Amino acid sequence: MILDNLEAHLERLTKLSPADKELLRESFREDYPVVAQARDGAAVPSVDRKTLHSTYNPTAEAQKWLNGLELDRSGDTLYVVGGLGFGYHVRELLQVVPPEQVVVIEKDAAIAASALAHQQPGFFPAGLQLIAGQKPPVAYQILRRLQADGFRRFVYLNHPASTNVFPDYYNTLRGIIQVQEAASHGGYKVLLVSPLYGGSLPVTHYVKRALENLGHRCELLDNTAFYPGYQHLQELTPNKQHTAQLEGLLTTLAAETVTAKALEVRADLVLVMAQGPVTPEVLNELRNADIRTAFWFVEDGSALQYWKAIAAHFDGFFVIQKGDFLKQLQSVGCQNPYYLPMAADPFVHRPLMLSAEELEEYGSDLSHVGAGYFNRREFFAGLLDLDFKIWGSDWEKAGVLDQALQRDGERISPEETVKIFNATRINVNLHSSTYHSGVNPFGDFLNPRTFEIAACGAFQLVDERAYLAENFDLGAEIVSFCDLNEMREHAREYLQRPDDRAAIAAAARQRVLREHTYDHRVLEALGVIAGRYPDWVPRGGGLPTAEELIQEAGVDSELAQVMERFVGRGPLTLEDVASDIERGEGNLNRTEAMILLLNEFRRWGMEKGVM
Amino acid sequence: MGQPLVIALLRLGDLLQSFPAITDLNRTNGEAGVTLLAPKDLAPLGKLHPAVNKTIPFNGDELLSALLGDGNWSDRGLSYLDGLLKDIAVDAPGLVANLTHTSFSANLAGMVPHARVRGRSYTRELGSVSHGVWSCYFFSLLSSRACNPFNLVDIFRDIAGRMPGDKTRLRLSEQQRQTARDWLAPAGQKLKVAVALGANHPLRCWPVSHWIDTLKLIRQQTNCTFVLLGGSEEKPNAIDVVNNLKRDCIDLSGQTDLPELAAVIDQCELFLGHDSGPLHLAAMLGKTAVGVYLAMASAWETAAYHPGSVAIEPDIHCHPCPESSTCREPLCHRKITPAAVAKAALAVIQGEHLQPGNDCFYRISRMASDGRLDLAGDRRSSDKARRFWRNFAVPVFEPDRAARGIEPVFNGDLEDIQIQLRNFKNELLELIDATLQDVRSRLSTAWVSYHDPLSAKHQELLALYPLFRPLLDFYHLEVQMGNGKSMLNPLEKTLNAQETLLQRTKNLQQVVEDTNGTRAVSELMHQSLRTKPYARLGVTA
């Protein structure tokens, strides 16, 4: 019976795609959520003993919820309801708002499926727009596509019981909507702090591009300027203790520049990338200046321990591991560590058309780009009878691997790395380990390479990792191996099946574009911070105020006359001024028309990705 | 009023394809000359067009750099635009033809005081306005070009205002001609074939090894010199060609500015290349071009605007691919072979009839009686929709001009299309009725929002009636823009657009019926003539 209801609803909800319907069908479970009857006979779900509606009268509760909302009733607002539950509140909302102006987002597809199964057909109107089982950034992307239908803004309507069950999800979703609303008016000013050197340096640039893609303003604090000094210290004295102390002083100095720069640019957020110089003292200073701080620890928490000294001092601490590592972070005072995996930058990691010469130079049956870690040295010795190339640095004393090592182990730029990924028939992606032989049986997080190879539309064989299946569909989007024998077996098989390789690689690329770009990660990180601190709003650092513009242009100028109406409105973007002029009436004066013209050029530049 | 202004903030190929429109505009205005606004790096092209008296260079890089950073817009950005507008105002243009599809150019067109606009303009009072049906048509192509049968040159000409007269003859200085002659002197009296190896997208570029093989095949059959052209980025490929051909090659890649490039092509007898700026330059110089149309390049849209030119397209279903294509192993590069390109080039050189292609289509540019470019040569099954609209777009969208000669180029099943049209119209009527009912039901509510049932079914209708896509895309555009009726609310815009859509559908129905009727009569007559050969002369047996 209830399955009939589910099918009837799926038939009726015309806005659901076939994939959405399939997901809901697959997610339906008889035993989850637990469904009980309220006193008025209505079905009420609960998760972990938390009920999603009143157990007395869900409809009366929903009416009360609706009465507490402030709806602006304009036709260009899209209402986003965070949490479906069994939909009593949604039904009430749809009494006063047309369905095309409502989108309901439900974190848990099983709850959504259960709602459709337990409510009578017709409970939800045919035009209901439902997004279920998607991560917050992906759900937001779907919302943006709906916005293309002419909605000017989103208004988030919180379903408190759903947020009570999944606080991280719904707070992040609300946060994402908040930060992206701000993005259309100049966005947040983010000071992005790079490390002095190392693997997270290119990631810093990908993050910068993502911040700008999302409409925020990013200032890069490039600490590579300190790297020669750091190298100098390494060679200064053989006394390791002295070297460590001097390094500490250098880190302190570099960290102090963070405070100076953050105050100068009036940053809303200081985002420090792994190994970026920072000290608890600097973080306290920034907190006193009301600047939010975040750190993205794109490292293996068991291999590097410096997080222990700093994690507790950040407003957001993002990591690429879950489970025990999150508990360890909490034990050192980091209240809310957040799992944020690595990603790819489709601007850099993309399919390339390579010339015959490039294919010759970079191509091979198998290759690996990466540093010469212990486990790789051992594992790759078992591939030398194949057409196998090793690219990358730190392969000193490579021994038998010398025959496969390219360019004597020189460092490979990100641009060339992408060419190698593209030119290689099978990219061998073995996560590094300093103490396991071959495949690390306890490996969990995914390295950037996993996402980057996929984003290139290239084929890879990757060692088994605990988080692989939640990021890619095994077999259809990615192929894994547990040891050398299986890797060789897969390699032999897939070298003979170029069409299968191409199909798997293409599916992996689509998955990355859909869920695993740096735009997704940065959006999620900003959403997490805004979700935790709802009063976090941009202060307009670096943007001029009307008063400054009037003073600059001269009080008698036409620009001064135009800016008069913006006095007291604080920092202004070109978009702010132009939108206000667009909404006005009557003839434009020349300066107003020029501001609109300039803004159109800016929009064009954004669209073409040249700004 | 001063001379007209043409806003052509376009890429090289598109800018060259706007040249005949500039000629038309000049004729409209008593041949008093035209001002051209073009990207700074292409501004020298203005000197080649005899009607262009003045070229205003647009420095997009400077404006972009003014906008990067937080607060520079008020200072550098506005100053730059102030200077640009003053430059434009010097000639007080009374007519502006905007041939660019950006909102920026529309705003710019709307800012020229007291000027009539052709193309799109934006003002706060009227919003976005597409002046004339062809301007609207141009924008509707942004949704899909699958049905478009018109060459970009013709669309530009229709936007600017088509005028009869001789074709544009580009203006080359004696010095430029002499420089070209000096460069080409080693070729002596041999036939000179200009070859441009580049294009603006890697997917559009045929591998250089294919070009080498092609040129070798041509040289086996004819005594000629190849003149290699292109920017400095083409140099490595040009060197590759020279090294392989060993003799009869003049490498001018990276050496010519735009006017010199024109002068060199002008000295050659044939042009070979991709769908690219140099190919359109050759066409404007009246040179026959043989072009390799790969990836997103489509002969229907950008075949060389010179009769007898050949566009070679691959015989694969995915061609032309979308602009966003990231195809990694493009089949189109392999489907067109050196032998196929050499065959086309030799047919042009030797003045022979070009036999149908293997694995590729030869599309031959020809001028139709309506003055627009058409494609002769090989036909492909996907032409059906384009052929249909080649015949019926003008009667539907511009019925006043439809009387001028239409060629019976469509050989599709008109009876089947008549049935489809009837169903389509009925569906429209139902949706319009739903709109009106919805309006009545909402009159008592406070909601000003409005959801158009016809727009909601846009995708569904497209899937059911792909042939009528231009009607639906036009409709979508008119609902979105209101076309100069910004004072109308969304509902009024929708009702207006629905009325227009219905009228156009009726126009189409009428003209299809008429054509079908005419064809039936014509077929009967042909049959009758076959049986009685002398009947037409009135001779009795």
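The paragraphs below go through the cysteines, the aromatic pairs and the charges over rings in this predicted model.

Over all chains, a search of the whole structure turns up 0 disulfides. Two cysteines of chain B can nevertheless be placed with respect to the protein surface: B:C136 has a relative accessible area of 4% and is buried, and B:C147, at 7% relative accessibility, counts as buried as well, because buried means under 20% relative accessible area.

Aromatic contacts are another matter, for the structure holds 47 aromatic pairs over all chains. One of them joins A:Y140 and A:F154 in an edge-to-face arrangement, with 6.0 Å from centre to centre and 80 degrees between the planes. Since A:Y140 belongs to helix 6 (residues 136-147) of chain A and A:F154 to strand 7 (residues 153-158) of chain A, the pair ties together parts that are 14 residues apart in sequence. Both A:Y140 and A:F154 are buried.

A stacked pair is formed by A:F295 and A:F317, whose centres are 5.4 Å apart and whose planes differ by 5 degrees. This pair links distant parts of the chain, with A:F295 in strand 11 (residues 292-297) of chain A and A:F317 in strand 12 (residues 316-319) of chain A, 22 residues apart. Here too, A:F295 and A:F317 are buried.

In chain B, the residues B:W134, B:Y137, B:F150, B:F388, B:W389, B:F392, B:F397 and B:F474 come together as one aromatic cluster.

Rings also meet charged side chains in chain A. The charged end of A:R292 is placed over the ring of A:Y533, at 3.7 Å from its centre, while A:K107 lies over the face of A:F166, 4.7 Å from the ring centre.

Conventions. Residues numbered from 1 in each chain as written. Chains lettered and ligands numbered in written order. Predicted model: local features only at pLDDT ≥ 70, side-chain atom pairs only at ≥ 80, totals over all residues. Heavy atoms only, no water. Disulfide = S-S within 2.5 Å. Buried < 20%, exposed > 50% of the residue type's maximum accessible area, 1.4 Å probe, protein only. Phe/Tyr/Trp six-rings, centres within 6.5 Å; stacked < 30°, edge-to-face > 60°. Helix = DSSP H or I, 4+ residues; strand = E, 2+ residues; numbered from the N terminus. Lys NZ or Arg CZ within 6 Å of the ring centre and 35° of its normal.
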